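Reader: I have a few questions about how the terms are applied here. Please go through them in turn.

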Amino acid sequence: MEDNKVIISKHPLIKHKISILRDTRTGTNEFRRLCDEIGVLLGFEALRDLPIAEHEIETPMCSMKAPFLTGKKLAIVPVLRAGLGMVNGMLTLVPSAKIGHVGLYRDHETLEPKEYYCKLPESIAERLVIIIDPMLATGGSACAAVDFIKQRGGTQIKFVCIIAAPEGVKRLQEEHPDIEIYIGMLDDHLNEDGYIVPGLGDAGDRIFGTK
Ligand code: PRP
Ligand code: URA
């Protein structure tokens, strides 16, 4: 499954935190905190190729050419609702990133995504756009989110999720081979209702305490 555009984390901290996330005994408060923390760890991976440039500085010991971020414009785009649960984690890394929102829900009969909201930061074409959503299941929502961003001019796009099903990764790769996909853990399969198995259930409901 792994190729140079599909990056599945091998980090034990991520694996450990996802195991707690999955557990039915994990309540809303802890679930939210873990989504934040996993957002930081996955965001760290996804931002690993931010451009840097060297500038001369003085340390107490000597002068040196030191690497600094060039200030590449960023847009973090959570897929509503559940993607909101990873926003704070991403902002811990890049506090000045702009935030866009794509509102999608899955029709429970067809499993196809329905759009209800899309608001992106200006000059989206110049930005590195990081779409965040805890779950990549059939891939319908992820593909629709990428479509919206491309229709509005986005060209540099990455997708970050906590848990993915092989079916969703395949669809996203096939429909959008240009984007990098960062995954916390790759699960086994989708069930007949389109839920990831073993998964963690409905991410939105677990983050927001709804049912
Ligand atoms: C969940 C999840 C993804 C989508 C993944 O959202 O957050 O957006 O399902 O499924 P897919 O890959 O089959 O499209 P959901 O539609 O449950 O909406 P919610 O976040 O508002 O609960
Ligand atoms: N959306 C979720 O929240 N969970 C799944 O397992 C699949 C889609």
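Reader: Which strands and which helix each supply at least two residues of the shell around ligand 1?

Author: The model is a predicted one. In it, β4 (74–80), β6 (101–106), β9 (135–136) and α4 (140–151) each supply at least two shell residues. The shell around ligand 1 has 16 residues, and Arg 106, Asp 133, Ala 137, Thr 138 and Ser 141 are the closest.

Reader: What makes the pair between Asp 133 and ligand 1 a polar contact?

Author: A side-chain N or O atom of Asp 133 is 2.5 Å from an oxygen atom of ligand 1. The cut-off for a pair of N or O atoms is 3.5 Å, so the pair counts. Arg 106 also qualifies through its side chain, because its distance to a ligand 1 oxygen is 2.6 Å. For Gly 139 a backbone N or O atom takes part, at 2.8 Å from an oxygen of ligand 1. Of the 500 Å² of accessible area that ligand 1 has on its own, the protein covers 92%.

Reader: Why is Ala 203 said to make a polar contact with ligand 2?

Author: A polar backbone atom of Ala 203 is 2.8 Å from an oxygen atom of ligand 2, and the limit is 3.5 Å, so the contact qualifies. Gly 201 has a backbone N or O atom 2.8 Å from a nitrogen atom of ligand 2. The protein buries 88% of the 240 Å² that ligand 2 exposes when taken alone.

Reader: How do you know that ligand 2 sits in the largest pocket?

Author: The test is that more than half of the atoms of a molecule lie within 2 Å of the grid points of the pocket. Ligand 2 is assigned to the largest pocket, so it meets that test. Ligand 1 sits in the largest pocket too.

Technical notes
Residues numbered from 1 in each chain as written. Chains lettered and ligands numbered in written order. Predicted model: local features only at pLDDT ≥ 70, side-chain atom pairs only at ≥ 80, totals over all residues. Heavy atoms only, no water. Near = heavy atom within 4 Å. Polar contact = N/O pair within 3.5 Å; in protein donor to acceptor, adjacent residues only side chain to side chain. Areas by Shrake-Rupley, 256 points an atom, 1.4 Å probe, with all protein chains shown as cover. 1 Å grid on protein atoms, 1.4 Å probe; cavity = no way out; pocket = protein on both sides within 12 Å on 5 of 7 lines; lining within 4 Å. Helix = DSSP H or I, 4+ residues; strand = E, 2+ residues; numbered from the N terminus.
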